[in-house]
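Here's a short set of exercises on a two-chain model, each with a worked solution. Grab a viewer and try each task before reading on.

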2 protein chains.
Amino acid sequence: MEQVLPSRILQTAVEQLSLLPGVGRKTALRYALNLLRSDEEQVQGFTESISALKRDLKFCSMCHNISDTDMCPICSDQRRDRSTICVVSDIQDVMALENTQQYKGLYHVLGGVISPLDGVGPADLEIDSLVERVAAGGISEVILAISPTMEGDTTCFYIYRKLAPYDVKVTLLARGVAVGEDLEYTDEVTLGRSLLNRTPFDDK
Amino acid sequence: MEQVLPSRILQTAVEQLSLLPGVGRKTALRYALNLLRSDEEQVQGFTESISALKRDLKFCSMCHNISDTDMCPICSDQRRDRSTICVVSDIQDVMALENTQQYKGLYHVLGGVISPLDGVGPADLEIDSLVERVAAGGISEVILAISPTMEGDTTCFYIYRKLAPYDVKVTLLARGVAVGEDLEYTDEVTLGRSLLNRTPFDDK
């Protein structure tokens, strides 16, 4: 049921807060009343931090990850393996992969996947800049770490073709049964692939 | 697991967004990345609406409900019954009661309930201003629409005593079985009261 708000200002704030992903009117109202109860200073810190996001945040000129500086800490870290590029669709994927602590190379953030239904074509993504990085030389492997969906697979295939002229190994993330997952509930495509791509037993 | 964020600015925004009630770091990050993807104009509208909340929102000089003007639309509505005051603890309660469309009188927002454990005493609430409104005359009934909790009951009793010297009827919201509730799962105190305060069968 539509709630009657006693104030136009509150109404506007609730409408704006409901634009956040997964936030409905009830939650937005709770957020608004919570902000209203906070100190003026706290609210200023809150809005300032959000304005700063849009105003001050940069994108790394090399990998297009978000960064406070022109080149992100990962790209400017000389201890990392500069011959490997891991291609991901979004910023969150970089964070997820960094959290595994298994990867020491560089990244390349596409900014999405090819999805004709959403009007996203190859030109809307950072694919040309990836090809340029490979063409510049010094890259031995490009890992395509893109979600195995229809759009993701299309994007992988497109990039694979674009990189064909260069002397670079193109690899995909392994697809198989997730750790802790029950075989009974694993879909047949994943299970089939995990059988085809079985690995030698490692007793270490 | 603590996520490694690639930017201090993003980190600050995520920290600020996690201050919203019920928002953890993962949700805050989702909000931040969503805001980052929005237009500059949209983000400006968002932060401006929140700043306006704190800067421009007023509290009604009579009932202390939030309002864009010195006196709220309810208090200035001459068609409402000006001899009845419904006392509530919070702004949300006014909205909830207005949504029932069953009440045509005025309100009085206390701004909380008496709760010694949280350091909230009668002086921190709008109780004196309620007594003043009643003392000014013209009020025939004060409805205490406060949640039936320990603190709520204490607050009701305190107000009841404060209003004793005046010629005004003090009433409580009916307590009983909620509409749609299963008797089997109703607590015994509520069920006992609903039996004591049973009402004549109304076949209209």
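One definition first: axes are lines fitted to C-alpha atoms, for helices over the stretch in contact, and angles run from 0 to 180 degrees between N-to-C directions. Keep in mind that this is a predicted model.

**Exercise 1: a helix on the sheet of chain A**

Find out which strands α4(A) lies across, and at what angle it runs to β4(A).

*Solution.* Start with the strands underneath: α4(A) lies across β3 and β4 of chain A. Next, take the angle, which comes to about 155° between α4(A) and β4(A). Then look at how those two strands are held together: β3(A), residues 84-88, runs parallel to β4(A), and four bridges join them. For a concrete pair, pick Cys86(A), which sits opposite Tyr107(A) in β4(A).

**Exercise 2: the whole sheet of chain A**

Work out the strand order in chain A and say which strands stand at the edges.

*Solution.* Walk across the sheet and you get β4-β3-β5-β6, four strands in an open, parallel arrangement. The edge strands are β4 (106-109) and β6 (169-172) of chain A; each has a single partner strand, so one side of each is left without a neighbour in the sheet. Last step, the twist: on average it is 25° from one strand to the next.

**Exercise 3: over to chain B**

Describe the sheet of chain B, then name the strands that α5(B) lies across.

*Solution.* The order in chain B reads β4-β3-β5-β6, again an open sheet of four strands with parallel pairing. At its edges you'll find β4 (106-109) and β6 (169-172) of chain B, each with a single partner strand, so one side of each has no neighbour in the sheet. Ignoring direction, neighbouring strands here are turned by 25° against each other on average.

Now zoom in on one pairing: β3(B), residues 84-88, and β5(B), residues 141-144, run parallel and are joined by four bridges. Within that pairing, Cys86(B) faces Ile143(B) of β5(B). Finally, add the helix: α5(B), residues 128-135, lies across β3, β4 and β5 of chain B, at about 150° to β4(B).

**Exercise 4: where the chains meet**

Characterise the interface between chain A and chain B by its residues, buried area and polar links.

*Solution.* Count residues to begin with: 52 of chain A are in contact with 53 of chain B. The buried area is about 4,900 Å², with carbon and sulfur atoms giving 70% of it. As for polar links, there are zero salt bridges between the chains, but 11 residue pairs are in polar contact, both residues at pLDDT 80 or more.

Then ask who supplies the chain A side. α1 (8-17), α2 (25-37), α3 (40-56), β2 (66-67) and α4 (91-100) of chain A each give at least two residues. The largest share, 13 residues, belongs to α3(A). Sorted by class, this side has 28 nonpolar, 15 polar and nine charged residues.

**Exercise 5: one arginine**

Place Arg175(A) and find its polar partner.

*Solution.* Arg175(A) is in the loop between β6 and α7 (188-196) of chain A. Its side chain makes a polar contact of 3.3 Å with that of Asp153(A). Beyond its neighbours within four places in sequence, Arg175(A) has contacts that include Ile146(A), Pro148(A) and Arg193(A).

Conventions: Residues are numbered from 1 along each chain as its sequence is written. Chains are lettered from A and ligands numbered from 1 in the order in which they are written. Side-chain values use heavy atoms; hydrogens and water are left out. Contact means heavy atoms within 4.5 Å. Buried area is the accessible area (1.4 Å probe) that two parts lose on being put together, summed over both. A salt bridge is a side-chain nitrogen of Lys or Arg within 4 Å of a carboxyl oxygen of Asp or Glu. A polar contact is a pair of N or O atoms within 3.5 Å; within protein, one must be able to donate a hydrogen and the other to accept it, and residues adjacent in sequence count only if both atoms are side-chain atoms. Ala, Val, Leu, Ile, Met, Phe, Trp, Tyr, Cys and Pro count as nonpolar, Asp, Glu, Lys and Arg as charged, and the others, Gly among them, as polar. Two strands pair if DSSP finds at least two bridges between them.
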